[in-house]
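Colleague: I would like a close look at a single part of this protein, with some context for the rest. Please take it slowly and keep to what the model shows.

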Amino acid sequence: MFFPPRQRCKYYQKRRGKEMNHGKIKQILLLTDGCSNQGEDPAAVAAFAREKGITVNVIGVLDHGSARDHGMQEVENIAASGGGVSQIVNVDQLARTVQMVTKQSMTHTLHGVVQSELSQILGSGQEVDDLPPDKRGEVVDVVDELGETVDLDVLILVDTSASMKPKLPMVQDALTDLSISLHSRTGENHFALFVFPGKRKDTEKMLDWTPEMNSLTGVFQRMTTGGITPTGPALQAALQHFDKRLSKRSLKRYGEDEFPIEESGF
């Protein structure tokens, strides 16, 4: 079933009994330049995140050397397990890559949502590619429209092991550019920032959920580098922070004495 342009986006939004732009795309954006060396297997944690509706994207800022191939394999494995996008970059390409990976992952997630809805309409086994060209174009338009209206939560995990020290200024610039690039969307954007390893624990929260990324300058000035690379525990901490955010929303919406209904994500 297809509709004129003004109606078709609303159709997909209401398929689940609620406006889709009240739903949320949830992402973890992991920036690292090395191999994890402590704690749980990060690919296994990423797979668990995917089951919870959280996409894990990984950008590998890798140096040349004997550990590069190992690092590339881990980056790809984490992203594949987390249903996300992986990219290996040089430092000077970082700003553009952070924006590209975030937006690619949003589009990929939205394609999955629309494909699921189409399967209910067209029948199981039917794909978007089975549609006539003009109808495929309408699906692309729907994804583009939803990409502008759906809310986005991005929890950023930054590797602050010793080898990342000279790269942190570029990481800061890249994340600031990401905020600017997403500013024009009508959907709400919220960011949180964790680093690993922390000063006293495997992971340290540097910035709690906020729509404003301009506070990053002061955050990066407080960062220290060195130590191990506990990527798996850092991903676990990110999942716990998403859970805490969901719990607070449920209590606020329904009251502490009522049974909280879990907010659906996609």
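Modeller: What follows looks at one strand, after a short overview, and then at a helix pair and a peptide bond.

This is a predicted model, in which local features need pLDDT of at least 70 and side-chain atom pairs count only at pLDDT 80 or more, while totals for chains, interfaces and linings use all residues. Residues are numbered from 1 along each chain as its sequence is written, and side-chain values use heavy atoms, with hydrogens and water left out.

The protein has eight helices and six strands; helices (H or I, at least four residues) and strands (E, at least two) are DSSP runs, numbered from the N terminus. Their order from the N terminus is α-β-α-β-α-β-α-α-β-α-β-β-α-α. Of the 266 residues, 47% count as buried, where buried means under 20% relative accessible area, exposed over 50% and partly exposed in between, with a 1.4 Å probe and protein chains only.

The strand in question is E1, residues 24-32, which holds Gln27. Gln27 has a relative accessible area of 0% and is therefore buried. Its side chain makes a polar contact of 2.9 Å with the side chain of Asn57; a polar contact is a pair of N or O atoms within 3.5 Å, where within protein one must be able to donate a hydrogen and the other to accept it, and residues adjacent in sequence count only if both atoms are side-chain atoms. Beyond neighbours within four places in sequence, the contacts of Gln27 (heavy atoms within 4.5 Å) include Ile54, Thr102, Met106, Leu152, Asp153 and Phe242.

Leu30 also lies in E1. With a relative accessible area of 0%, Leu30 is buried as well. Leu30 and Ile156 are 126 residues apart in sequence, yet their C-alpha atoms are 6.0 Å apart in space. Leaving out residues up to four places away, Leu30 touches Asn57, Val58, Ile59, Ile78, Leu157, Phe196 and Thr231.

Two of these partners lead to other parts. Ile78 is one of the H3 residues that meet H2, alongside Glu74, Asn77, Ala80 and Ser81; the H2 side supplies Pro42, Ala43, Ala46, Ala47 and Arg50. Phe196 is joined to Pro197 by a cis peptide bond, with omega about 0°. Most peptide bonds are trans. Pro197 sits in the loop between strand E5 (189-196) and strand E6 (204-210).
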